[in-house]
Amino acid sequence: MSTTFQKVAAIRGMNDILPGEGARWERFEALVRDWLQQYGYRNMRTPVLEQTRLFTRGIGEVTDIVEKEMYTFTDSLNGESLTLRPEFTAGAVRAAIEHNLIYDRPQRVYTMGQVFRHERPQRGRYRQFHQISVEALGMSGPDIDAEMIVMLARLWKLLGLNDIRLELNSLGASEERAAHRAALIEYLERHRDILDEDGLRRMYSNPLRVLDTKNPVLQEMANGAPRLFDFLGAESRAHFEGVCQRLDDAGIGYTLNPRLVRGLDYYNLTVFEWVTDRLGAQGTVCGGGRYDGLIGLLGGKPAPAVGFAIGMERLLDLWSQVVPVEVVPECQIYIVHQGEAAQRKAAGIAESLRDAGLAVIVHAGTGSFKSQFKRADGSGASVAIVLGDDELAQGTASVKYLRADALPDGEALAGQQTRIPFDMLAQALAEHLA
Ligand code: HAM
(Lines give C-alpha, C1' and ligand atoms only; values in the text may rest on other atoms or scores of the structure.)
Protein backbone atom coordinates (compact mmCIF):
# COMPACT_ATOMS: atom_id res chain seq x y z
CA MET A 1 0.00 0.00 0.00
CA SER A 2 1.44 3.36 -0.90
CA THR A 3 0.43 6.59 0.76
CA THR A 4 1.36 10.03 -0.47
CA PHE A 5 2.25 12.59 2.14
CA GLN A 6 1.23 16.15 1.47
CA LYS A 7 3.94 18.61 2.46
CA VAL A 8 3.29 20.36 5.77
CA ALA A 9 4.08 24.00 6.50
CA ALA A 10 3.54 26.46 9.33
CA ILE A 11 0.16 28.18 9.43
CA ARG A 12 0.12 31.58 7.75
CA GLY A 13 0.83 34.35 10.22
CA MET A 14 2.37 31.95 12.74
CA ASN A 15 6.15 32.17 12.78
CA ASP A 16 8.92 29.82 13.75
CA ILE A 17 11.58 31.41 15.90
CA LEU A 18 14.78 29.70 14.76
CA PRO A 19 17.81 28.94 16.99
CA GLY A 20 19.79 32.11 16.20
CA GLU A 21 16.76 34.32 16.90
CA GLY A 22 15.84 32.18 19.91
CA ALA A 23 19.02 33.30 21.69
CA ARG A 24 18.04 36.93 21.16
CA TRP A 25 14.52 36.27 22.46
CA GLU A 26 16.01 34.66 25.57
CA ARG A 27 18.28 37.64 26.17
CA PHE A 28 15.35 39.97 25.74
CA GLU A 29 13.14 37.92 28.07
CA ALA A 30 15.85 37.78 30.74
CA LEU A 31 16.17 41.57 30.62
CA VAL A 32 12.39 41.96 30.80
CA ARG A 33 12.08 39.60 33.79
CA ASP A 34 14.74 41.57 35.71
CA TRP A 35 12.93 44.79 34.89
CA LEU A 36 9.57 43.41 36.06
CA GLN A 37 11.13 42.19 39.27
CA GLN A 38 12.48 45.66 39.97
CA TYR A 39 8.88 46.86 40.20
CA GLY A 40 7.64 43.89 42.24
CA TYR A 41 5.73 42.04 39.50
CA ARG A 42 5.48 38.27 39.81
CA ASN A 43 5.04 35.77 37.01
CA MET A 44 1.81 33.83 36.53
CA ARG A 45 0.85 31.47 33.72
CA THR A 46 -2.65 30.84 32.52
CA PRO A 47 -3.93 28.30 29.98
CA VAL A 48 -3.77 28.97 26.26
CA LEU A 49 -7.38 27.77 25.93
CA GLU A 50 -10.25 29.33 27.82
CA GLN A 51 -14.03 29.19 27.68
CA THR A 52 -15.17 31.46 24.85
CA ARG A 53 -17.53 33.41 27.09
CA LEU A 54 -14.58 34.71 29.12
CA PHE A 55 -13.51 36.77 26.11
CA THR A 56 -16.93 37.69 24.71
CA ARG A 57 -17.87 39.07 28.12
CA GLY A 58 -14.45 40.39 29.10
CA ILE A 59 -13.27 42.00 25.85
CA GLY A 60 -16.77 42.89 24.60
CA GLU A 61 -19.13 41.47 21.93
CA VAL A 62 -18.73 44.42 19.56
CA THR A 63 -14.96 44.53 19.23
CA ASP A 64 -12.82 43.45 16.28
CA ILE A 65 -11.20 40.78 18.42
CA VAL A 66 -14.46 39.08 19.44
CA GLU A 67 -16.35 39.73 16.19
CA LYS A 68 -13.75 38.40 13.79
CA GLU A 69 -10.35 37.55 15.22
CA MET A 70 -10.80 34.72 17.69
CA TYR A 71 -9.81 31.11 17.05
CA THR A 72 -12.94 29.49 18.44
CA PHE A 73 -13.98 25.86 18.19
CA THR A 74 -16.30 23.39 19.86
CA ASP A 75 -14.82 20.78 22.19
CA SER A 76 -16.01 17.57 20.54
CA LEU A 77 -16.23 15.80 23.90
CA ASN A 78 -18.72 18.06 25.63
CA GLY A 79 -19.85 20.62 23.08
CA GLU A 80 -18.29 23.50 25.02
CA SER A 81 -17.12 26.53 23.04
CA LEU A 82 -13.39 27.16 23.58
CA THR A 83 -11.11 29.94 22.33
CA LEU A 84 -7.35 30.33 22.01
CA ARG A 85 -6.52 33.36 24.16
CA PRO A 86 -6.40 36.55 22.04
CA GLU A 87 -4.88 38.46 24.99
CA PHE A 88 -3.93 37.82 28.62
CA THR A 89 -5.92 40.25 30.74
CA ALA A 90 -9.25 38.40 30.81
CA GLY A 91 -7.51 35.11 31.70
CA ALA A 92 -5.38 36.73 34.40
CA VAL A 93 -8.49 38.27 35.96
CA ARG A 94 -10.36 34.96 35.76
CA ALA A 95 -7.47 33.22 37.54
CA ALA A 96 -7.27 35.97 40.17
CA ILE A 97 -10.99 35.58 40.93
CA GLU A 98 -10.92 31.79 40.85
CA HIS A 99 -7.99 31.58 43.28
CA ASN A 100 -9.00 34.49 45.49
CA LEU A 101 -5.75 36.30 44.71
CA ILE A 102 -7.05 39.76 45.45
CA TYR A 103 -9.21 38.82 48.41
CA ASP A 104 -7.09 40.53 51.04
CA ARG A 105 -4.34 42.35 49.19
CA PRO A 106 -3.49 43.86 45.84
CA GLN A 107 -1.40 41.89 43.35
CA ARG A 108 1.21 42.85 40.80
CA VAL A 109 1.40 40.08 38.21
CA TYR A 110 2.66 39.50 34.69
CA THR A 111 2.15 36.88 32.02
CA MET A 112 4.30 36.29 28.96
CA GLY A 113 3.69 34.06 25.96
CA GLN A 114 1.71 33.39 22.80
CA VAL A 115 -1.65 34.91 21.97
CA PHE A 116 -3.76 34.32 18.87
CA ARG A 117 -5.73 36.65 16.62
CA HIS A 118 -7.07 35.81 13.20
CA GLU A 119 -5.92 39.03 11.52
CA ARG A 120 -4.58 39.68 8.04
CA PRO A 121 -0.84 39.00 8.41
CA GLN A 122 1.72 41.69 7.52
CA ARG A 123 4.90 43.04 9.08
CA GLY A 124 4.26 43.42 12.81
CA ARG A 125 0.84 41.81 12.59
CA TYR A 126 0.69 38.07 13.08
CA ARG A 127 -1.89 35.42 13.89
CA GLN A 128 0.23 33.99 16.65
CA PHE A 129 2.30 36.60 18.46
CA HIS A 130 3.77 37.13 21.91
CA GLN A 131 2.78 39.58 24.60
CA ILE A 132 4.18 40.61 27.96
CA SER A 133 1.04 41.52 29.85
CA VAL A 134 1.41 43.34 33.14
CA GLU A 135 -1.49 43.78 35.56
CA ALA A 136 -1.83 45.69 38.83
CA LEU A 137 -4.95 44.29 40.50
CA GLY A 138 -6.70 46.01 43.40
CA MET A 139 -5.10 49.47 43.15
CA SER A 140 -7.16 52.52 42.28
CA GLY A 141 -5.02 55.67 42.33
CA PRO A 142 -3.35 57.63 39.53
CA ASP A 143 -0.01 56.80 41.22
CA ILE A 144 -0.07 53.25 39.90
CA ASP A 145 -1.16 54.30 36.39
CA ALA A 146 1.79 56.70 36.28
CA GLU A 147 4.18 54.15 37.77
CA MET A 148 3.33 51.74 34.96
CA ILE A 149 4.12 54.36 32.34
CA VAL A 150 7.36 55.37 34.08
CA MET A 151 8.25 51.71 34.24
CA LEU A 152 7.79 51.38 30.48
CA ALA A 153 9.96 54.43 29.87
CA ARG A 154 12.65 52.67 31.90
CA LEU A 155 12.37 49.57 29.70
CA TRP A 156 12.81 51.61 26.53
CA LYS A 157 15.92 53.15 28.12
CA LEU A 158 17.28 49.75 29.17
CA LEU A 159 16.87 48.58 25.58
CA GLY A 160 18.46 51.73 24.17
CA LEU A 161 15.26 52.79 22.37
CA ASN A 162 14.36 56.44 22.13
CA ASP A 163 11.99 56.65 19.19
CA ILE A 164 8.85 55.66 21.10
CA ARG A 165 6.30 58.31 22.02
CA LEU A 166 3.47 58.14 24.52
CA GLU A 167 -0.17 58.87 23.67
CA LEU A 168 -2.57 59.36 26.52
CA ASN A 169 -6.32 59.77 27.00
CA SER A 170 -9.02 59.33 29.61
CA LEU A 171 -12.20 57.36 28.94
CA GLY A 172 -13.82 58.58 32.17
CA ALA A 173 -16.43 56.67 34.13
CA SER A 174 -19.27 54.61 32.67
CA GLU A 175 -21.98 57.27 33.31
CA GLU A 176 -19.79 59.86 31.58
CA ARG A 177 -19.28 57.55 28.65
CA ALA A 178 -23.06 56.95 28.56
CA ALA A 179 -23.79 60.68 28.36
CA HIS A 180 -21.14 61.13 25.69
CA ARG A 181 -22.44 58.10 23.84
CA ALA A 182 -25.94 59.56 23.65
CA ALA A 183 -24.55 62.82 22.29
CA LEU A 184 -22.36 60.94 19.86
CA ILE A 185 -25.17 58.77 18.50
CA GLU A 186 -27.21 61.91 17.93
CA TYR A 187 -24.25 63.43 16.05
CA LEU A 188 -23.71 60.26 13.98
CA GLU A 189 -27.42 60.14 13.13
CA ARG A 190 -27.05 63.62 11.69
CA HIS A 191 -24.20 62.33 9.49
CA ARG A 192 -25.78 58.99 8.66
CA ASP A 193 -25.60 59.64 4.88
CA ILE A 194 -21.78 59.57 4.81
CA LEU A 195 -21.19 56.60 7.16
CA ASP A 196 -19.68 53.47 5.63
CA GLU A 197 -20.94 49.94 6.25
CA ASP A 198 -18.84 49.48 9.41
CA GLY A 199 -19.95 52.86 10.71
CA LEU A 200 -23.65 52.15 10.20
CA ARG A 201 -23.32 48.77 11.85
CA ARG A 202 -21.50 50.18 14.87
CA MET A 203 -23.39 53.45 15.20
CA TYR A 204 -25.60 52.14 18.01
CA SER A 205 -23.57 49.22 19.28
CA ASN A 206 -20.16 50.92 19.61
CA PRO A 207 -20.30 54.52 18.38
CA LEU A 208 -16.88 55.42 19.80
CA ARG A 209 -15.28 52.92 17.45
CA VAL A 210 -16.93 54.67 14.48
CA LEU A 211 -14.58 57.59 15.18
CA ASP A 212 -11.56 55.28 15.16
CA THR A 213 -11.75 55.10 11.37
CA LYS A 214 -9.11 54.88 8.67
CA ASN A 215 -11.62 56.04 6.06
CA PRO A 216 -10.49 59.58 4.99
CA VAL A 217 -14.06 60.60 4.09
CA LEU A 218 -15.13 59.97 7.69
CA GLN A 219 -12.16 61.57 9.38
CA GLU A 220 -13.38 65.13 9.05
CA MET A 221 -16.76 64.13 10.47
CA ALA A 222 -14.92 62.32 13.29
CA ASN A 223 -12.88 65.44 14.06
CA GLY A 224 -16.01 67.47 14.68
CA ALA A 225 -17.72 64.87 16.87
CA PRO A 226 -18.50 65.53 20.56
CA ARG A 227 -15.41 64.73 22.60
CA LEU A 228 -15.57 62.34 25.50
CA PHE A 229 -13.13 64.49 27.40
CA ASP A 230 -15.71 67.30 27.56
CA PHE A 231 -18.12 64.95 29.35
CA LEU A 232 -15.73 63.96 32.14
CA GLY A 233 -16.75 64.91 35.68
CA ALA A 234 -14.55 66.30 38.44
CA GLU A 235 -13.40 62.94 39.76
CA SER A 236 -12.32 61.58 36.38
CA ARG A 237 -10.56 64.84 35.59
CA ALA A 238 -8.73 64.76 38.91
CA HIS A 239 -7.57 61.21 38.24
CA PHE A 240 -6.31 62.16 34.82
CA GLU A 241 -4.56 65.26 36.15
CA GLY A 242 -2.99 63.08 38.84
CA VAL A 243 -1.50 60.85 36.15
CA CYS A 244 -0.28 63.81 34.08
CA GLN A 245 1.33 65.52 37.09
CA ARG A 246 3.23 62.37 38.00
CA LEU A 247 4.43 61.97 34.40
CA ASP A 248 5.59 65.58 34.52
CA ASP A 249 7.40 64.84 37.83
CA ALA A 250 9.20 61.97 36.11
CA GLY A 251 10.02 64.09 33.06
CA ILE A 252 8.04 61.88 30.69
CA GLY A 253 6.59 63.60 27.64
CA TYR A 254 3.19 62.63 26.22
CA THR A 255 0.62 63.65 23.65
CA LEU A 256 -3.01 63.90 24.67
CA ASN A 257 -4.97 61.99 22.06
CA PRO A 258 -8.73 62.35 22.58
CA ARG A 259 -9.31 59.78 19.82
CA LEU A 260 -7.41 57.05 21.59
CA VAL A 261 -10.14 54.54 22.51
CA ARG A 262 -8.32 51.16 22.41
CA GLY A 263 -9.79 48.03 20.83
CA LEU A 264 -11.09 46.30 23.96
CA ASP A 265 -14.23 47.32 25.87
CA TYR A 266 -13.03 46.87 29.44
CA TYR A 267 -11.19 50.18 29.80
CA ASN A 268 -12.14 53.26 31.83
CA LEU A 269 -10.23 56.38 32.94
CA THR A 270 -6.57 56.25 31.84
CA VAL A 271 -5.71 54.67 28.48
CA PHE A 272 -2.36 54.89 26.75
CA GLU A 273 -0.30 53.61 23.84
CA TRP A 274 3.41 53.78 23.02
CA VAL A 275 3.95 54.30 19.31
CA THR A 276 6.96 54.43 16.98
CA ASP A 277 7.36 55.48 13.35
CA ARG A 278 10.11 52.94 12.78
CA LEU A 279 7.90 49.90 12.25
CA GLY A 280 5.73 50.92 9.31
CA ALA A 281 1.96 50.56 9.66
CA GLN A 282 2.04 48.53 12.90
CA GLY A 283 3.79 51.07 15.10
CA THR A 284 2.07 50.48 18.45
CA VAL A 285 4.50 48.52 20.63
CA CYS A 286 2.48 48.71 23.84
CA GLY A 287 -1.08 49.49 24.87
CA GLY A 288 -2.94 49.55 28.13
CA GLY A 289 -5.04 51.37 30.65
CA ARG A 290 -7.32 51.12 33.61
CA TYR A 291 -10.05 48.44 33.72
CA ASP A 292 -11.83 48.99 37.02
CA GLY A 293 -15.01 47.20 35.90
CA LEU A 294 -13.57 43.94 34.59
CA ILE A 295 -13.15 42.02 37.85
CA GLY A 296 -16.79 42.68 38.78
CA LEU A 297 -17.96 41.95 35.22
CA LEU A 298 -16.32 38.52 35.35
CA GLY A 299 -18.01 37.66 38.64
CA GLY A 300 -15.41 38.79 41.18
CA LYS A 301 -15.87 41.18 44.09
CA PRO A 302 -15.42 44.51 42.32
CA ALA A 303 -11.87 45.83 42.54
CA PRO A 304 -9.94 48.35 40.46
CA ALA A 305 -7.14 47.35 38.08
CA VAL A 306 -4.75 48.75 35.52
CA GLY A 307 -2.34 47.13 33.07
CA PHE A 308 -0.68 47.05 29.70
CA ALA A 309 0.66 44.61 27.14
CA ILE A 310 3.78 44.85 24.99
CA GLY A 311 3.85 43.22 21.55
CA MET A 312 7.12 41.30 21.72
CA GLU A 313 7.65 40.81 17.96
CA ARG A 314 7.26 44.56 17.40
CA LEU A 315 9.57 45.51 20.23
CA LEU A 316 12.21 42.99 19.13
CA ASP A 317 11.99 44.30 15.58
CA LEU A 318 12.61 47.82 16.88
CA TRP A 319 15.38 46.63 19.20
CA SER A 320 17.27 44.92 16.37
CA GLN A 321 17.24 48.21 14.43
CA VAL A 322 19.12 49.86 17.28
CA VAL A 323 21.21 47.13 18.89
CA PRO A 324 22.99 44.90 16.37
CA VAL A 325 22.02 41.25 16.45
CA GLU A 326 24.99 39.39 17.90
CA VAL A 327 25.81 35.78 17.12
CA VAL A 328 25.59 33.76 20.32
CA PRO A 329 28.03 30.79 20.44
CA GLU A 330 26.51 27.33 20.68
CA CYS A 331 29.00 26.38 23.41
CA GLN A 332 32.29 27.39 25.02
CA ILE A 333 34.15 24.16 24.38
CA TYR A 334 33.88 21.76 21.45
CA ILE A 335 35.45 18.29 21.84
CA VAL A 336 36.75 16.50 18.75
CA HIS A 337 37.89 12.90 18.92
CA GLN A 338 39.19 9.99 16.90
CA GLY A 339 38.39 6.36 17.61
CA GLU A 340 35.78 4.74 19.84
CA ALA A 341 37.86 4.85 23.04
CA ALA A 342 38.45 8.59 22.58
CA GLN A 343 34.78 9.17 21.87
CA ARG A 344 33.83 7.45 25.14
CA LYS A 345 36.48 9.38 27.07
CA ALA A 346 35.17 12.61 25.53
CA ALA A 347 31.71 12.00 27.01
CA GLY A 348 33.19 11.62 30.51
CA ILE A 349 35.42 14.69 30.20
CA ALA A 350 32.48 16.74 28.94
CA GLU A 351 30.46 15.86 32.05
CA SER A 352 33.34 16.91 34.34
CA LEU A 353 33.61 20.23 32.46
CA ARG A 354 29.85 20.77 32.83
CA ASP A 355 30.25 20.06 36.57
CA ALA A 356 32.55 23.10 36.54
CA GLY A 357 29.79 25.17 34.91
CA LEU A 358 31.12 25.13 31.35
CA ALA A 359 29.03 24.72 28.18
CA VAL A 360 30.34 21.81 26.12
CA ILE A 361 29.47 20.08 22.86
CA VAL A 362 30.98 16.67 22.13
CA HIS A 363 31.18 16.03 18.41
CA ALA A 364 28.47 13.47 17.72
CA GLY A 365 29.35 10.41 15.67
CA THR A 366 32.65 10.16 13.82
CA GLY A 367 34.47 12.09 11.07
CA SER A 368 37.93 13.28 10.10
CA PHE A 369 39.69 15.76 12.42
CA LYS A 370 39.40 18.30 9.63
CA SER A 371 35.63 18.05 9.34
CA GLN A 372 35.22 17.98 13.13
CA PHE A 373 37.36 21.13 13.47
CA LYS A 374 35.18 22.82 10.90
CA ARG A 375 32.14 22.11 13.09
CA ALA A 376 34.06 23.31 16.17
CA ASP A 377 34.78 26.59 14.43
CA GLY A 378 31.21 26.96 13.23
CA SER A 379 29.89 26.44 16.75
CA GLY A 380 31.52 29.64 17.95
CA ALA A 381 33.37 27.77 20.74
CA SER A 382 36.36 29.52 22.31
CA VAL A 383 38.22 26.30 22.89
CA ALA A 384 38.54 22.97 21.08
CA ILE A 385 39.69 19.88 22.96
CA VAL A 386 41.33 17.17 20.86
CA LEU A 387 41.32 13.53 21.92
CA GLY A 388 43.13 10.89 19.85
CA ASP A 389 45.23 7.77 20.51
CA ASP A 390 48.23 9.80 21.63
CA GLU A 391 46.19 11.90 24.10
CA LEU A 392 44.60 8.78 25.59
CA ALA A 393 47.97 7.08 25.96
CA GLN A 394 49.46 10.11 27.73
CA GLY A 395 46.41 11.03 29.84
CA THR A 396 46.48 14.61 28.57
CA ALA A 397 44.17 16.51 26.24
CA SER A 398 45.29 18.79 23.42
CA VAL A 399 43.65 22.13 23.95
CA LYS A 400 43.38 24.61 21.13
CA TYR A 401 42.28 28.18 21.78
CA LEU A 402 40.12 29.23 18.85
CA ARG A 403 38.93 32.71 19.70
CA ALA A 404 40.49 35.59 21.53
CA ASP A 405 37.31 37.43 22.54
CA ALA A 406 35.99 35.08 25.25
CA LEU A 407 39.38 34.55 26.90
CA PRO A 408 40.78 36.89 29.58
CA ASP A 409 44.33 36.57 28.27
CA GLY A 410 42.91 35.92 24.82
CA GLU A 411 45.39 37.85 22.72
CA ALA A 412 48.25 35.70 23.93
CA LEU A 413 46.31 32.43 23.76
CA ALA A 414 44.35 32.67 20.50
CA GLY A 415 45.47 30.09 17.99
CA GLN A 416 47.76 28.43 20.59
CA GLN A 417 47.73 24.77 21.39
CA THR A 418 48.77 23.18 24.72
CA ARG A 419 48.50 19.88 26.50
CA ILE A 420 46.64 19.68 29.82
CA PRO A 421 46.34 16.49 31.97
CA PHE A 422 42.74 15.17 32.05
CA ASP A 423 42.36 15.71 35.80
CA MET A 424 43.38 19.38 35.55
CA LEU A 425 41.25 20.28 32.50
CA ALA A 426 38.11 21.43 34.27
CA GLN A 427 39.92 23.76 36.63
CA ALA A 428 42.24 25.19 33.97
CA LEU A 429 39.48 25.85 31.45
CA ALA A 430 37.03 27.16 34.04
CA GLU A 431 39.66 29.77 34.93
CA HIS A 432 40.26 30.74 31.31
CA LEU A 433 36.61 30.92 30.38
CA ALA A 434 35.24 32.46 33.56
P1 HAM B 1 -3.75 45.29 22.63
O2 HAM B 1 -3.59 46.73 22.30
O3 HAM B 1 -4.83 44.55 21.92
O4 HAM B 1 -3.98 45.22 24.20
O5 HAM B 1 -2.40 44.52 22.38
C6 HAM B 1 -1.20 44.92 23.01
C7 HAM B 1 -0.05 44.93 22.02
O8 HAM B 1 0.08 43.66 21.38
C9 HAM B 1 -0.20 45.91 20.88
O10 HAM B 1 0.17 47.20 21.28
C11 HAM B 1 0.79 45.34 19.86
O12 HAM B 1 2.11 45.74 20.17
C13 HAM B 1 0.66 43.86 20.08
N14 HAM B 1 -0.21 43.25 19.06
C15 HAM B 1 -1.56 43.30 18.96
N16 HAM B 1 -1.99 42.59 17.90
C17 HAM B 1 -0.89 42.07 17.30
C18 HAM B 1 -0.67 41.23 16.16
N19 HAM B 1 -1.68 40.75 15.44
N20 HAM B 1 0.60 40.90 15.85
C21 HAM B 1 1.65 41.34 16.59
N22 HAM B 1 1.50 42.13 17.68
C23 HAM B 1 0.25 42.49 18.04
C24 HAM B 1 -4.20 44.06 24.90
O25 HAM B 1 -4.06 42.95 24.45
C26 HAM B 1 -4.56 44.31 26.34
N27 HAM B 1 -4.79 43.00 26.98
C28 HAM B 1 -3.46 45.07 27.05
C29 HAM B 1 -3.72 45.26 28.51
C30 HAM B 1 -3.18 44.55 29.54
N31 HAM B 1 -4.55 46.14 29.03
C32 HAM B 1 -4.56 46.00 30.35
N33 HAM B 1 -3.73 45.02 30.66
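**Exercises: strand E6 and the cysteines**

From E6, Gln 128, His 130, Ile 132, Val 134 and Ala 136 point one way, while Phe 129, Gln 131, Ser 133, Glu 135 and Leu 137 point the other way, and all are buried. Here, buried means under 20% relative accessible area, exposed means over 50%, and partly exposed lies in between (1.4 Å probe, protein chains only). Strands (E, at least two residues) and helices (H or I, at least four) are DSSP runs, numbered from the N terminus.

This is a predicted model, where local features need pLDDT of at least 70, side-chain atom pairs count only at pLDDT 80 or more, and totals for chains, interfaces and linings use all residues. Residues are numbered from 1 along each chain as its sequence is written, and side-chain values use heavy atoms, leaving out hydrogens and water.

**Exercise 1.** Find out why strand E6 is largely enclosed by the rest of the structure.

*Solution.* Start with the range, residues 128-137. Ten of the ten residues are buried, so E6 is largely enclosed.

**Exercise 2.** Work out which strands pair with E6.

*Solution.* Two strands pair if DSSP finds at least two bridges between them. Take E5 (residues 107-116): ten bridges link it to E6 in the antiparallel sense. Now take E11 (residues 305-311), which runs antiparallel to E6 with seven bridges. Finally, look at Gln 131: Gly 113 is its bridge partner, and Gly 311 in E11 stands opposite it.

**Exercise 3.** Explain why Cys 244 forms no bond with Cys 286.

*Solution.* A disulfide is a pair of cysteine sulfur atoms within 2.5 Å. The closest cysteine sulfur to that of Cys 244 belongs to Cys 286, 17 Å away, so it is too far for a bond. The structure holds zero disulfides.
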